[in-house]
Amino acid sequence: MAAKRNARDVTPSPPINKSGTSTPTTPAPVVKSATSKSKDANLSAQEVAVAMWDNYVKATPQRTKLIDVFMAFLVVVGVLQFVYCVIVGNYPFNAFLSGFSATVGQFVLTASLRIQTNAENKAEFESISPERAFADYVFGSLILHFFCVNFIN
Amino acid sequence: MTVATENSYLTGAKGRNTRGLLRLVILCTIAAAAVSSRLFSVIRFESIIHEFDPWFNFRATKYLVANGFYDFWDWFDDRTWHPLGRVTGGTLYPGLMVTSGAIYHALKALTLPVDIRNICVLLAPGFSGLTAFATYLFTNEMSSTPSAGLLAAIFMGIAPGYISRSVAGSYDNEAIAIFLLVFTFYLWIKAIKLGSAFWGALCALFYGYMVSAWGGYVFITNLIPLHVFVLVCMGRFSSRVYVSYCTWYALGTLASMQIPFVGFLPIRSSEHMSALGVFGLLQLIGFVEFVRAGVPSKQFQTLLRGFVVLVFSVALGGLVLLTVSGVIAPWTGRFYSLWDTGYAKIHIPIIASVSEHQPTAWPAFFFDLNLLIWLFPAGVYLCFLKLTDEQVFVVVYSILASYFSGVMVRLMLTLTPIVCVTAAMVLSTILETYLSMKSPKSDAESVATEAAASKKNVPTKGGLRSMRNPLVGIYTVVSKSTVVGAMTLYLLVFVLHCTWVTSNAYSSPSVVLASKLPDGSQHIIDDYREAYQWLRQNTKEDAKIMSWWDYGYQIGGMADRPTLVDNNTWNNTHIATVGKAMSSSEEVSYPIMRQHEVDYVLVVFGGLLGYSGDDINKFLWMVRIAEGIWPDEVKERDFFTPRGEYKIDHEATDTMKNSLMYKMSYYNYNGLFPPGQAQDRVRGAKLPDVGPVLNSIEEAYTSENWIIRIYKVKDLDNVGREHGAAASFERGNKKKKAAKKRGPKVLRVE
């Protein structure tokens with residue numbers, strides 16, 4: 001573990017795209033981390049965020065960006081459902097749960113796919129090729145949708 | 001066990017085939033041993049369902065097979081909990097019944113029609129073979145040596161700690177649950193090792209199956225998050241952990257919510273909150289790790305760590321707040337009593353009254369696990385030596401399971417798999433060290449058996465050269481064979497012990513009582529089935545039977561009559577009602593029985609035979625449970641003599657003598673003995689000369705050895721008298737001279 005982490009620290013430039021991943025999804029923590037960064041690096045939060053975003057756009061492969069857009073979409077759908085639940089109430093609770101957990105589960109599965117297909121994580125997942133990762137993703141998604149459809153009644 | 005010797009010189013490609021074949025043969029033999037060591041009770045007695053709980057499972061399975069799956073799923077059972085009924089489809093774990101139903105239909109499709117009873121009886125032995133196989137797979141993930149898996153499989157196959165809940169005829173949830181437990185853990189280890197979403201999803205599917213089979217799934221839901229949490233705390237977070245855990249949680253939680261009995265519990269109850277918390281924590285950590293990898297600054301890292309700790313504590317605080325404010329249900333009593341061991345005895349007597357819920361004594365560990373229990377700590381120590389992700393799992397599992405098995409006898413069952421695994425790891429290490437017969441040359445730099453304890457130095461050559469480079473280790477054949485011989489001896493003794501324990505302690509059906517006659521032949525006391533059969537054949541189809549809750553399932557299963565309470569103790573007040581009826585005087589009990597439309601009352605009485613598990617010995621629990629609801633009407637103190645003794649002889653208190661239970665147990669009992677000689681063999685007490693008199697109920701049936709006594713509740717008196725008055729009139733107790741004095745009369749209202 002430790003060796004791997006060091007290796008990552010030595011080459012910091014490519015992984016920046018990862019932090020950018022969450023820029024569209026959950027912007028708040030990024031801003032927070034950026035402010036904390038500004039303490040030692042004398043950069044404003046906005047500059048850091050913009051730099052990260054630029055780096056993300058530059059360094060990320062097209063396919064990963066596609067995955068990220070899908071994940072952002074899932075987050076939007078999940079947040080909308082949750083807000084609706086908070087406003088209107090959770091009367092058919094199983095319907096809310098299945099809808100919400102479908103988005104959460106799909107998000108998590110997609111994140112797993114993204115991690116597994118990422119070229120930097122080759123060492124971590126030596127037995128899993130990208131094709132295998134995609135097949136696993138399909139398998140997991142099918143199960144997830146079966147359970148959600150069953151649970152929504 | 002002797003495989004290792006043969007394997008050692010079977011090398012190469014051909015050797016691999018031979019070893020594969022050997023392994024297959026050994027596994028099949030182990031499965032055969034696991035199945036056949038559980039058949040003692042079927043061979044000695046007959047193929048019947050044993051304890052109390054399995055009778056309900058059996059009845060539900062019969063319903064499933066007869067009516068199909070959909071009817072079973074919304075089965076409303078109006079023949080238990082008489083006035084209330086039970087929504088059975090929503091209050092049971094359907095995994096066991098569905099499994100045996102599927103086997104039934106599969107065999108039928110193969111044109112092998114087998115009676116459903118035989119499938120139910122033999123389900124547990126069959127699944128124990130699968131458990132042995134799952135243990136083999138699980139151990140192979142843990143240990144590099146192939147022999148450890150085989151050793152663990154045979155241990156798991158014959159360890160009495162597991163046999164005790166899975167003999168033939170013990171058709172209980174644990175029969176398939178232990179297999180699912182071990183197999184889920186195997187899949188989990190596989191998932192976390194590979195970081196594969198596929199194995200995570202499989203693990204979630206089997207977890208869902210486990211949820212459908214046994215309430216002990218809570219153990220898995222807490223163990224896997226704990227494993228991940230420990231890994232995170234050790235700084236071993238990796239994307240493999242993220243992928244496997246998140247896949248498992250997202251799919252597994254949804255899968256577990258499909259079971260009606262579980263429902264929304266994974267969201268609402270406290271037992272499941274650790275899994276949710278770790279899920280949230282992993283999301284945060286995953287995100288933070290990405291950011292950290294992007295911006296390499298020491299200070300930034302520490303700030304992020306602080307951020308993680310902050311969010312974690314906020315989440316924990318929020319959880320506590322939600323629990324306190326009641327949004328999330330607190331721990332259930334059964335689960336809570338594992339932490340606060342005195343809780344059940346004080347607050348919920350019905351939990352404390354079950355004998356399985358008592359703390360475990362030391363001999364029980366040795367009795368159930370013989371040599372495994374002293375190899376167990378060594379195995380955990382071995383795991384500490386080589387601390388990979390999966391070894392952490394073993395350590396966490398061992399610590400948690402040994403605590404729980406110390407608190408509750410019943411949870412010895414969850415300890416047994418990990419004890420088998422760790423003991424097998426130790427034994428295989430020992431055997432591997434001492435079975436390699438080749439001793440290295442004195443100048444050989446790598447010694448295969450370096451890990452072995454170096455007890456003595458054996459200089460193979462004399463002279464100065466060997467003194468410079470001394471060879472440390474044990475290389476003589478004698479010492480090696482001594483150690484191996486001792487281990488083999490232990491293993492043989494283990495097999496003997498297991499067989500002996502299984503044969504003597506765990507293979508007796510509680511329905512049939514067996515005793516030995518002086519000439520060694522077996523005498524079977526079959527009063528239970530005799531009485532239940534009487535009920536089945538000589539009472540109305542819907543005659544309600546009142547008995548203590550222990551016998552509810554058996555009456556439902558064997559006598560096929562509606563009962564008031566049964567072993568599924570979901571309604572404490574209803575049980576307390578029965579307890580009050582049993583422990584009050586007839587004048588109080590009769591209206592209660594009328595209100596509940598009771599037709600027959602059944603008591604178990606072992607005084608004639610010396611059968612100690614009878615209702616008089618359980619009587620105090622009835623009193624206690626009733627006292628919990630009606631503290632003014634039933635008082636435990638009243639059943640003790642002034643010196644605080646629980647007596648049934650002439651010193652017994654009036655409350656005791658007037659209680660319905662006492663009267664029903666000892667009614668007419670004097671008539672069996674010469675005057676003044678009536679003896680209760682369980683309590684070892686001489687009974688008073690005048691037996692109790694029953695007014696409102698009458699004896700309907702007493703079995704051959706007086707173990708089961710059935711009473712019929714009398715109808716209301718024709719002329720509207722109290723039963724006591726009517727009975728004393730019948731006995732001719734009316735006064736010879738009619739008293740002229742007017743009694744105190746009350747105004748007639750109408």
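A helix, as the word is used here, is a DSSP run of at least four residues, and helices are numbered from the N terminus. In this predicted model, one such element is helix H30 of chain B, which spans residues 615–629 and includes B:Asp615. The residue B:Asp615 is a good place to begin, as it is buried and yet has no salt bridge. The nearest side chain of opposite charge belongs to B:Lys618, and it lies 4.6 Å away. A salt bridge needs a side-chain nitrogen of Lys or Arg within 4 Å of a carboxyl oxygen of Asp or Glu, so the 4.6 Å to B:Lys618 does not meet that cut-off. Leaving aside neighbours within four places in sequence, B:Asp615 is in contact with B:Trp548, B:Tyr551, B:Leu602, B:Val603, B:Val604, B:Met622 and B:Met661.

Other charged residues do find partners. Side chains of opposite charge can pair when their charged atoms come close. Over all chains, the structure holds 27 salt bridges. One of them joins the side chains of B:Arg410 and B:Glu174, with a distance of 3.7 Å from N to O. This pair links distant parts of the chain, 236 residues apart: B:Arg410 sits in the loop between H22 and helix H23 (412–435) of chain B, while B:Glu174 belongs to helix H10 (residues 174–194) of chain B. The surroundings of the two partners can be described as well: B:Arg410 counts as partly exposed because its relative accessibility is 29%, whereas B:Glu174, at 2%, counts as buried.

A further salt bridge is formed by B:Lys580 and B:Glu633, whose closest N and O atoms are 2.7 Å apart. Here B:Lys580 lies in helix H28 (residues 572–583) of chain B and B:Glu633 in the loop between H30 and helix H31 (654–658) of chain B, so the pair ties together parts that are 53 residues apart in sequence. With a relative accessibility of 10%, B:Lys580 is buried; B:Glu633 is exposed, its relative accessible area being 51%. In another pair, B:Arg683 and B:Asp680 form a salt bridge with closest N and O atoms 2.9 Å apart, and B:Asp680 counts as buried at 0% relative accessibility. Salt bridges can also be joined up, as in the network that links A:Glu124, B:Arg236, B:Arg240 and B:Asp389.

Helix packing adds to the picture of chain B. Helix H21 (residues 372–385) and helix H22 (residues 389–407) of chain B pack at an angle of about 145°, and their axes are 8 Å apart. The crossing of H21(B) past H22(B) is left-handed. On the H21(B) side, the contact is made by B:Phe376, B:Val380, B:Cys383 and B:Phe384, and on the H22(B) side by B:Gln391, B:Val394, B:Val395, B:Ser398 and B:Ser402. Sorted by class, this contact has six nonpolar residues, three polar residues and no charged ones.

Sequence separation appears again in helix H25 (residues 477–504) of chain B, where B:Thr499 is found. The C-alpha atoms of B:Thr499 and B:Pro160 are 8.3 Å apart in space, although the two residues are 339 apart in sequence. At 35% relative accessibility, B:Thr499 counts as partly exposed.

Chain A, finally, has seven helices and zero strands. Read along the sequence, its pattern is α-α-α-α-α-α-α. Of the 153 residues in chain A, 41% are buried. Among contacts in chain A between residues at least 6 apart in sequence, 71% join residues at least 24 apart.

Key:
Residues are numbered from 1 along each chain as its sequence is written. Chains are lettered from A and ligands numbered from 1 in the order in which they are written. This is a predicted model: local features need pLDDT of at least 70, side-chain atom pairs count only at pLDDT 80 or more; totals for chains, interfaces and linings use all residues. Side-chain values use heavy atoms; hydrogens and water are left out. Helices (H or I, at least four residues) and strands (E, at least two) are DSSP runs, numbered from the N terminus. Buried means under 20% relative accessible area, exposed over 50%, partly exposed in between (1.4 Å probe, protein chains only). Lys and Arg count as positive and Asp and Glu as negative; His and the chain ends are not counted. Contact means heavy atoms within 4.5 Å. Axes are lines fitted to C-alpha atoms, for helices over the stretch in contact, and angles run from 0 to 180 degrees between N-to-C directions. A crossing is left-handed if the near helix is turned anticlockwise from the far one by less than a right angle, and right-handed if clockwise. Ala, Val, Leu, Ile, Met, Phe, Trp, Tyr, Cys and Pro count as nonpolar, Asp, Glu, Lys and Arg as charged, and the others, Gly among them, as polar.
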